[in-house]
Amino acid sequence: MSLSGVKVWDLPLRVWHWLFAAAVFASLGTGLIEAWYSVEIHQWSGITVVALLVFRISWGFWGSPYARWVMYITTPSKVISHFRGQGVLTPHTAPGIALVVILMLCVLVQATSGLFMTDDIFYDGPFYRLIDDDTFTWVSAIHRNIWMIVVTAVSAHLLAHVIYGLVLRDPTPLSMISGKKNVAMTPVTTPWARAVLSLLLGLATFIVIGIYAE
């Protein structure tokens, strides 16, 4: 696999990608352990996930061109065309777009619902006092079950990269390291002022939720 190609992923997006992956894996791992010693890590990794999502959501509106939400639009017919080998070479593949949207939406629901959780022993979510018992019942059900969709989406994402890298010998799996893909597109530049603004929004989210978590 070669690192040649056009730079389509800016540095803030690539850094976000790896931090997000680490935070999601930490949240899933500590959540599945369900032990008293993992509760605090689970809480703070979940808050980190929410803050990182705030960064990414804002970056989707004013970040570099291929990171914007307007690029994350696809249809079932485009997904089918991709698997028939008829897809157009762009920074995003149609099934990749669908998978990313599903994954991010599910992680958003998983992480934000966790802010309202409590086990009445070791953990009280930052905002659990803001909802009544009836609301807590369905919020708890969501938080305790949607992780399975997250794991499925993450597994599909990793499997796709294994197929690209080991079977097809395609450099796509390296794109979130190098920022480059073999596509005929205009290289991106990073709007650093807006990157700082997105970073500040993410940090503010982390701090505000963190204050309520104490």
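Here is a short briefing on helices, loops and chain ends in this structure. The model is predicted, so please read every value below as computed from its atoms. A nonpolar surface patch that includes Leu199, a contact between helices α5 and α6, and a positive phi at Arg169 are good places to start looking.

**The nonpolar patch and helix α8**
- Eight residues make up a nonpolar patch on the surface: Val196, Leu199, Leu200, Leu203, Ile207, Val208, Ile211 and Tyr212.
- Together these residues have about 780 Å² of accessible area.
- One of them, Leu199, sits in helix α8, which covers residues 192–213.
- Leu199 has 45% relative accessibility and therefore counts as partly exposed, since that class runs between the 20% limit for buried and the 50% limit for exposed.

**Where α5 meets α6**
- Helix α5 (residues 133–145) and helix α6 (residues 147–167) have axes that come within 5 Å and cross at roughly 25°.
- That crossing angle makes α5 roughly parallel to α6, because angles under 35 degrees fall in that class.
- On the α5 side, the contact is made by His143, Arg144 and Asn145.
- On the α6 side, the contact is made by Trp147, Met148 and Ile149.

**Two arginines in loops**
- Arg169 is in the loop between α6 and α7, the latter being residues 175–178.
- The phi of Arg169 is near 55°, a positive value in a residue other than glycine.
- For background, most residues other than glycine have a negative phi.
- Arg169 has a relative accessible area of 52% and so is exposed, the cut-off being over 50%.
- Arg129 belongs to another loop, the one between α4 (94–114) and α5.
- With a relative accessible area of 66%, Arg129 is exposed.
- Arg129 and Thr118 are 11 residues apart along the chain, and their C-alpha atoms are separated by 9.3 Å.

**Before β1 and after α8**
- Gly5 is in the segment before β1 (6–7).
- At 38% relative accessibility, Gly5 counts as partly exposed.
- Leaving aside residues up to four places away in sequence, Gly5 touches Lys180, Lys181 and Asn182.
- From Gly5 to Val196 the separation is 191 residues in sequence and 27 Å in space, C-alpha to C-alpha; Val196 is also one of the residues of the nonpolar patch.
- Glu214 lies in the segment after α8.
- Glu214 counts as exposed, at 74% relative accessibility.
- Glu214 and Asp124 are 90 residues apart along the chain, while their C-alpha atoms are separated by 9.7 Å.

Terms used: Residues are numbered from 1 along each chain as its sequence is written. This is a predicted model: local features need pLDDT of at least 70, side-chain atom pairs count only at pLDDT 80 or more; totals for chains, interfaces and linings use all residues. Side-chain values use heavy atoms; hydrogens and water are left out. Patches are made of residues with over 30% relative accessible area and no salt bridge: like charges are joined within 9 Å, nonpolar side chains (Val, Leu, Ile, Met, Phe, Trp, Tyr) within 5 Å. Accessible areas come from the Shrake-Rupley method with a 1.4 Å probe; for residues, only the protein chains shown count as cover. A salt bridge is a side-chain nitrogen of Lys or Arg within 4 Å of a carboxyl oxygen of Asp or Glu. Helices (H or I, at least four residues) and strands (E, at least two) are DSSP runs, numbered from the N terminus. Buried means under 20% relative accessible area, exposed over 50%, partly exposed in between (1.4 Å probe, protein chains only). Axes are lines fitted to C-alpha atoms, for helices over the stretch in contact, and angles run from 0 to 180 degrees between N-to-C directions. Angles under 35 degrees count as roughly parallel, over 145 as roughly antiparallel, 65 to 115 as roughly perpendicular and the rest as oblique. Contact means heavy atoms within 4.5 Å.
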